[in-house]
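Subject: Structure for your review

Hello,

The sequence and structure follow below. Please look through them alongside the notes after them, which go from single elements to the whole chain.

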Amino acid sequence: MASVRKLAQFTAFLIPSALLIGACTDVVASNSNFVVASITLSLGVSSFSLAGLYCTHQDLSPKYAAPLLGLTNTAGAIPGIAGVTTVGFLYDQTQSWELCLFLPSAILMISGAFVYVVFGENDFVDFDAPNANAPFKWEVKLKELLGGEGEALCMLNFHDDEEEEEEDERCASSTSHKEGEEEEPCVMNFP
């Protein structure tokens, strides 16, 4: 299954990249019909990502696919906001759509394809496992680096147990710990 997802995502990024790079060549750029066809095909082929990245959430955790998709869509929207400013700045400097829009898009898609193929995983993750809320290694190292001071590290827990309301209140009111006491990570629960 992972190889199908990776192949689809690779296709969704590399073929549009090739088409956008092709739109930068003199042969294509000199004919507006070729440019429009290249951009249209690029956008059409990029829909392969629906079988790649967008199915990964369901593979990782069917129960939490919607929140995972929401997180990745939010993270993906941030470059879209910054990209408009960047393209405007580059266009002001170069006066070339090829250099400010097509080439950077192609470079980012090629990078994204290789990152997804090399590092992407579709292995099931049990977010309800007993140790699912254990701190990540980087959280532990960060806490050690900071000397265990400061606000408690809060982790998200998507359950609706009544007992957890007490923990939510403790977490919300806990901003620091008394000196000499061991700081426990608090868990924020979401029904």
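Helix 1 covers residues 2-23, which makes 22 residues. From its first C-alpha to its last it reaches 32 Å, close to the 32 Å expected at 1.5 Å a residue. Bear in mind that this is a predicted model. The buried residues of helix 1 are Arg5, Lys6, Ala8, Gln9, Thr11, Ala12, Pro16, Ser17, Leu20 and Ala23. What covers them includes helix 2 (26-29), helix 3 (32-45), helix 4 (53-60) and helix 6 (97-119).

Two of those covering helices hold residues worth opening in the viewer.

In helix 3, look at Ser38. Its relative accessible area is 7%, so Ser38 is buried, the cut-off being under 20%. The Ser38 side chain reaches the backbone oxygen of Leu19 at 2.6 Å. Leaving aside residues up to four places away in sequence, Ser38 touches Leu19, Leu20, Ala23 and Val28. Of these, Leu20 and Ala23 are among the buried residues of helix 1.

In helix 4, the residue to look at is Asp59. With a relative accessibility of 18%, Asp59 counts as buried. Asp59 forms a salt bridge with Arg5, and the closest N and O atoms are 2.8 Å apart. This pair links distant parts of the chain, since Asp59 is in helix 4 and Arg5 in helix 1, 54 residues apart. Both Asp59 and Arg5 are buried. The side chain of Asp59 also makes a polar contact with the side chain of Asn122, at 2.9 Å.

The structure holds two salt bridges. Besides the Asp59 and Arg5 pair, the side chains of Lys63 and Asp128 meet in one, with an N to O distance of 2.9 Å. Lys63 lies in the loop between helix 4 and helix 5, and Asp128 in the loop between helix 6 and helix 7, so this pair ties together parts that are 65 residues apart in sequence. As for accessibility, Lys63 counts as exposed at 58%, while Asp128 counts as partly exposed at 31%.

Next, the loop between helix 5 (65-94) and helix 6, where Gln95 is placed. Gln95 is not a glycine, yet it has a positive phi of about 55°. The relative accessible area of Gln95 is 53%, and the residue is exposed. Ser96 has its place in the loop between helix 5 and helix 6 as well. Is Ser96 buried or exposed? At 13% relative accessibility, Ser96 counts as buried. The Ser96 side chain makes a polar contact with the side chain of Glu98, at 3.1 Å. Ser96 and Cys24 are 72 residues apart in sequence, and their C-alpha atoms are 9.7 Å apart in space.

On the surface there is a nonpolar patch of about 600 Å². It is made by Phe136, Trp138, Leu142, Leu145 and Leu146. Trp138 is found in helix 7, which spans residues 137-145. Trp138 has a relative accessibility of 56% and counts as exposed, the cut-off for that class being over 50%.

Some values for the whole protein:

- The secondary structure comes to eight helices and two strands.
- From the N terminus on, the elements run α-α-α-α-α-α-α-β-α-β.
- Of the 191 residues in the protein, 25% are buried.
- Among contacts with a separation of 6 or more, 67% are between residues 24 or more positions apart.
- The protein exposes about 13100 Å², of which carbon and sulfur atoms supply 65%.

For a first pass in the viewer, I would take three places. One is helix 1, with the Asp59 and Arg5 salt bridge and the contacts of Ser38 with Leu19, Leu20 and Ala23. Another is the loop between helix 5 and helix 6, with Gln95 and Ser96. The third is the nonpolar patch that includes Trp138.

Regards

Definitions and conventions. Residues numbered from 1 in each chain as written. Predicted model: local features only at pLDDT ≥ 70, side-chain atom pairs only at ≥ 80, totals over all residues. Heavy atoms only, no water. Patch = residues over 30% accessible without salt bridge, like charges linked within 9 Å, V, L, I, M, F, W, Y side chains within 5 Å. Areas by Shrake-Rupley, 256 points an atom, 1.4 Å probe, with all protein chains shown as cover. Salt bridge = Lys/Arg side-chain N within 4 Å of Asp/Glu carboxyl O. Helix = DSSP H or I, 4+ residues; strand = E, 2+ residues; numbered from the N terminus. Buried < 20%, exposed > 50% of the residue type's maximum accessible area, 1.4 Å probe, protein only. Expected span 1.5 Å × (residues − 1). Contact = heavy atoms within 4.5 Å. Polar contact = N/O pair within 3.5 Å; in protein donor to acceptor, adjacent residues only side chain to side chain.
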